[in-house]
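Work through the following exercises with the structure open beside you, and try each task before reading the solution beneath it.

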Amino acid sequence: MSPQTPAAMNRALSMLGGREDPRLQQAAWVARCVGRGHATPLTGDDVSALASILRRRSVPRAGLVFGAKPHTAGVWIVRSGHVELTAGSGPGRVVVQILRPGDVDGDIQLLLDMPLPYTGRALEDAEILELDSEEFERLLATHPAVARRWLSSVAERLNTSHMRILGLLGRSLTQQTAQLLLDEADGDVVELPQRTLAAMLGVRRPSLNKVLKEFEKAGLIGVRYAAIDLVDRRGLVRRVHGRA
């Protein structure tokens, strides 16, 4: 793991494990820190007000939005379309997150001087708003209200990810898996492959697959390619608390 990763998250990950692929585990948990929903640092009004600062870029389907290598420093906001974050290459390539309109990425790595652990590519034609490192620093220096909200957003995302990792510790794999599915669901769908989920839990894929099959047999979830549908949330909550 990179020594520049936030120390608290590093400690939690080392306690959780990472026997399958520690680099994938790190990339997957860093991807949890994407600014989305209520944690997005910029509102729609902010984006409109900052239109002269934010650079617009159209990215065609399968086009590169940003890359892990060579080192890319910047902040990216998805205006339209979806962006797939992947770690690794070739047969080892795996999806760690999907960015949707309004999501913000790259800011935490920029503030902490961390390399991006994943690559972003457009799943369909997308419009991206972006800031390079100098523009980002100037934005924070000249717009105090935005800077305060942005730093609060970063703190909230790091703390949420840290607490989610700690919340998995000391539980059985069944409990951990149920909690992770509930946490990662967008609506009632977890759009992550089993390899990513296994790496996040620090276990081998066959061990996770056994638990998922038990959940599916119990009618709690539906498993399909690179996604899991949550069928019975209450049942998953009961599994989190060790109840069948």
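The model shown here is predicted, and the exercises begin with a single acidic residue.

**Exercise 1.** Decide whether Asp-188 is buried, partly exposed or exposed, and find the side chain that it meets in a salt bridge.

*Solution.* The relative accessible area of Asp-188 is 40%, and partly exposed covers the range between under 20% (buried) and over 50% (exposed), so Asp-188 is partly exposed. Its side chain meets that of Arg-233 in a salt bridge, with 2.9 Å from N to O. Asp-188 lies in the loop between α7 and β9 (189–190), whereas Arg-233 belongs to helix α10 (residues 233–240), so the pair ties together parts that are 45 residues apart in sequence. Arg-233 is likewise partly exposed, at a relative accessible area of 34%.

**Exercise 2.** Find the salt bridge between Arg-164 and Asp-183, and work out which helices the pair ties together.

*Solution.* The side chains of Arg-164 and Asp-183 meet at 3.7 Å, N to O, which counts as a salt bridge because the limit is 4 Å. Arg-164 lies in helix α6 and Asp-183 in helix α7 (residues 173–184), so the bridge ties together parts that are 19 residues apart in sequence. Asp-183, with a relative accessible area of 29%, is partly exposed. Widening the view, Arg-164 and Asp-183 are linked with Arg-32 and Glu-184 in a network of salt bridges. A search of the whole structure finds 15 salt bridges.

**Exercise 3.** Classify the geometry of the aromatic pairs Phe-66 with Tyr-118 and Phe-136 with Trp-150.

*Solution.* The count of aromatic pairs comes to 3. For Phe-66 and Tyr-118, the ring centres are 6.4 Å apart and the planes stand at 50°, so this pair is tilted. Phe-66 is in strand β2 (residues 64–66) and Tyr-118 in the loop between α4 (107–111) and β7 (119–122), so the pair ties together parts that are 52 residues apart in sequence. Both residues turn out to be buried, Phe-66 at 2% relative accessibility and Tyr-118 at 0%. Together with Trp-76, Phe-66 and Tyr-118 form one aromatic cluster.

For Phe-136 and Trp-150, the distance is 5.0 Å centre to centre and the angle between the planes is 70°, and the pair is edge-to-face. Phe-136 lies in helix α5 (residues 133–142) and Trp-150 in helix α6, so the pair ties together parts that are 14 residues apart in sequence. Phe-136 is buried at 1% relative accessibility, and Trp-150 is buried at 0%.

**Exercise 4.** Name the residues with the most contacts inside the largest nonpolar core, and trace the contacts of Leu-181.

*Solution.* The largest nonpolar core has 49 residues, and those with the most contacts inside it are Leu-85, Val-96, Leu-181, Ile-221 and Leu-230. Once neighbours within four places in sequence are set aside, the residues in contact with Leu-181 include Val-190, Phe-215, Ile-221 and Leu-230. A second, separate core has 18 residues, including Leu-129 and Val-154.

**Exercise 5.** Locate the nonpolar surface patch that includes Leu-151.

*Solution.* Leu-151 lies in helix α6 (residues 144–168), and its relative accessibility of 46% makes it partly exposed. Leu-151 forms the patch with Leu-111 and Leu-112, and together these residues have about 240 Å² of accessible area.

Note on methods. Residues are numbered from 1 along each chain as its sequence is written. This is a predicted model: local features need pLDDT of at least 70, side-chain atom pairs count only at pLDDT 80 or more; totals for chains, interfaces and linings use all residues. Side-chain values use heavy atoms; hydrogens and water are left out. Patches are made of residues with over 30% relative accessible area and no salt bridge: like charges are joined within 9 Å, nonpolar side chains (Val, Leu, Ile, Met, Phe, Trp, Tyr) within 5 Å. Accessible areas come from the Shrake-Rupley method with a 1.4 Å probe; for residues, only the protein chains shown count as cover. Helices (H or I, at least four residues) and strands (E, at least two) are DSSP runs, numbered from the N terminus. Buried means under 20% relative accessible area, exposed over 50%, partly exposed in between (1.4 Å probe, protein chains only). A nonpolar core is a set of buried Ala, Val, Leu, Ile, Met, Phe, Trp, Tyr and Cys residues joined through side-chain atoms within 4.5 Å. Contact means heavy atoms within 4.5 Å. Rings of Phe, Tyr and Trp (its six-membered ring) pair if their centres lie within 6.5 Å; planes under 30 degrees apart count as stacked, over 60 as edge-to-face and the rest as tilted.
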